[in-house]
Number of protein chains: 2
Amino acid sequence: MALPLDGIIVLEFSQYLSGPCAGLRLADLGARVIKIEHPEKGEAGRKLAIKNLWVDNSSLLFHTINRNKESFAADLNNEEDMQWLRKLIARADVIIHNFRPGVMERKGLGYEAVKEIRPSIVYTRISGYGEAGPWKNKPGQDLLVQSLSGLAYTTGSGGEAPVPLGLGIGDYLCGNQAVQFIIAALIKVRKTGRGTLLQLSLMESLIDFQFEFFTTYFQSRRAPERARFNNANALLSAPYGVYQTAGGYIAVAMMPLQALNRALQCPALEAYPEEDAFSKRDEIKRVIAAHLLTQTSHYWLQRAEALDLWIMPVLNWEQMRQSAGYTVLDMEQEIVLDKNRRFTTTRCPVRINGAVIKSGRRAPAVGENNEDIKISLG
Amino acid sequence: MALPLDGIIVLEFSQYLSGPCAGLRLADLGARVIKIEHPEKGEAGRKLAIKNLWVDNSSLLFHTINRNKESFAADLNNEEDMQWLRKLIARADVIIHNFRPGVMERKGLGYEAVKEIRPSIVYTRISGYGEAGPWKNKPGQDLLVQSLSGLAYTTGSGGEAPVPLGLGIGDYLCGNQAVQFIIAALIKVRKTGRGTLLQLSLMESLIDFQFEFFTTYFQSRRAPERARFNNANALLSAPYGVYQTAGGYIAVAMMPLQALNRALQCPALEAYPEEDAFSKRDEIKRVIAAHLLTQTSHYWLQRAEALDLWIMPVLNWEQMRQSAGYTVLDMEQEIVLDKNRRFTTTRCPVRINGAVIKSGRRAPAVGENNEDIKISLG
């Protein structure tokens, strides 16, 4: 399949998740993404293993994030390597880095220096907290940014501890937004021929993610307060939340209280007019919770489905992977490591002209593509 | 400032969050985004209020998501309106809709019909669960998609109920990814002149978000299990998590146990070699938790800072908004409603050539731009 970004060259001076996650999406959309790595150490993410799963001398995590890319090994302190790198930059469309502020400048690879070599470059800097202010040199680690950004106070129930989201959301969001801005900048560069500097941070991405909450807070002058029972969104009324049943959990989204009463035969709800759904939400949710515990998820789901109510089961990964609704999405793809070994990961989440995008190409070894790249540079 | 998508016309047949959130980003990047709305009812999101905050006869929530756009009122059952709409489509670059599968086709506005009018269109369909399979007609509501996708089992601690993230993450992520694919498709359309159909769903976006977890699960054949105490990432060792102190909370990211011991003088940690950090994580986290309760956040943060350890405070929104690290980001912008009224919201999370993107333009009233648009169409 001809992909939208065919012909675009991206140099990824990035480590761990945010930058490499942007590179992965660009690669899946057709760009040629070349990781620039230290000849001995390689990208730091190669050594970051989760559950102690390794593919070769790089971790499964690294292979997941860096499939479908090339690797060019270069020591930024070696002048010969730097000469090759400058030749490569002269042909590149995009540079992404997520080093702490000042590192690339000290190596002679700051935006101004790169623009001298390649005036049309889209140069992207990802930081933890922006490039100024008291946090600029703090570690841009996901849990820490979640905690500083207020995000941990959106989740879990009121009166309890703030609950961080159990995934690297700041890295992932910022990487995804970098892709938006990079491709938009490419459109402009093609019109004007002039390069663009993009600056993003995990912190700004997590604030943007909370834009509805912040705007509500700015106007009401009161910070949203998590429901004290079964919270699922601090701004929403009962019944919104996840409820335990006899042997499982179901999610109950927004609906009028009396519709819920009729569907699930919960007459205790008759005491609550709709005007109370926000102000008495904790009390109402406890009434619903006690009622839902009396029957299985299957029982409640059948009743809800008959009336088209917004209620669905809460699945774990095993249940999800076994469901026909997951299978039909065709979300999995195999990455070919060598003749005998493969691993399974998920694909790029879009269909283009009806087709999913899959690529079996594995992550490169450090410097695996040096020779080919040098030959092509002449 | 000249913006990257100046000159691009986007028609938004969208409601609530996912589609309008994509439109908002495209608008902030310079596109002209025109909402197509029913002349009487308008977009359904206009009536969706949180905390009962209204700006006019549309909610603050609607104004937050739909600022910087125009509105063209058209009744899709009225032939005269449809004629105008076809003229508008003939000039559009992008269409986004998030109706349930089949709705736009029945109105004569499916991809094939639109391509007849505008061969270069980038036509984007956002669904809840994809367009086939047993979930295709289920309500694509955020909490329900979180629950079906396994996401709720990433957060909160093991042995406890699954915890939904307290924000509309499926809508927001899918809207953000739509922007990536739309702009990438625009690059290709400019080369080939041929239109593109893009299909996304909240479900696929939430699966993509869990890509590291799913890949680990596929290989280890064991689903990640949340830590049973202070979970912050099912795949990570102690000390990773949020801890209560005397009067607050701090986040402790990854670090060797003995480094933590030395920095925070927690000799009980000496019993645990680093190999135990994953297998005994619950026990170790309880040891750390008991120790951290004995002093204030300020005390621990000073010690951590001196040693450059990855520990930061957990801030709520008030604390965050008052911090110098937030102020320096310049994240807020004012939207002008009329001579006397404004409201404050957050800006697009990027700097382009050093400048933030702000626009004070408010959301339109239903059909506010009909006259101007009709004149421009001749």
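Q: What makes helix 1 (residues 18-28) of chain B largely enclosed by the rest of the structure?

A: Let's start with the rule: a residue is buried if 20 or more other C-beta atoms lie within 10 Å of its own, exposed if 12 or fewer, and partly exposed in between, with C-beta atoms placed from the backbone. In helix 1 of chain B, 11 of the 11 residues are buried, so the helix is largely enclosed by the rest of the structure. Among them are B:Ser18, B:Cys21, B:Arg25 and B:Asp28. After helix 1 of chain B comes B:Gly30, with a positive phi near 115°. A helix here is a DSSP run of H or I with at least four residues, a strand is a run of E with at least two, and both are numbered from the N terminus.

This is a predicted model, in which local features need pLDDT of at least 70 and side-chain atom pairs count only at pLDDT 80 or more, while totals for chains, interfaces and linings use all residues. Residues are numbered from 1 along each chain as its sequence is written, and chains are lettered from A and ligands numbered from 1 in the order in which they are written.

Q: Why is helix 8 (residues 202-209) of chain A called largely enclosed?

A: Eight of the eight residues of helix 8 of chain A are buried, so the same description fits. The buried residues include A:Leu202, A:Glu204, A:Asp208 and A:Phe209. Across chain A, 53% of the 378 residues count as buried.

Q: How do you know how the two copies are related?

A: Superpose them by least squares on the C-alpha atoms of residues with pLDDT of at least 70 in both. A turn of 180° and a shift of 0.0 Å along the axis lay chain A on chain B with an RMSD of 0.0 Å. The two copies are thus related as by a two-fold rotation axis. In chain A, the residue closest to that axis is A:Gln180, at 2.3 Å (C-alpha).

Q: What makes up the side of chain A that touches chain B?

A: Two residues are in contact if their C-beta atoms, placed from the backbone, lie within 7 Å. By that rule, chain A and chain B each bring 108 residues to the contact. Helix 7 (residues 169-192) of chain A gives the most to its side, with 12 residues. By class, this side has 66 nonpolar, 32 polar and 10 charged residues. Here Ala, Val, Leu, Ile, Met, Phe, Trp, Tyr, Cys and Pro count as nonpolar, Asp, Glu, Lys and Arg as charged, and the others, Gly among them, as polar.

Q: How do you know which strand of chain B pairs with strand 12 (residues 351-352) of chain A?

A: Two strands pair if DSSP finds at least two bridges between them. Strand 12 of chain A has two bridges to strand 6 (residues 196-201) of chain B, in the antiparallel sense, so the pair meets the rule. One partnership joins A:Arg351 to B:Gln199.

Q: Which strands are called the edge strands of the open sheet in chain B, and why?

A: The order of this three-stranded sheet is 7-8-9, with antiparallel pairing. Strand 7 (241-245) and strand 9 (311-313) of chain B each pair on one side only, and these are the edge strands. Strand 7 and strand 8 (residues 248-252) of chain B share five bridges, and B:Gln244 stands opposite B:Tyr249.
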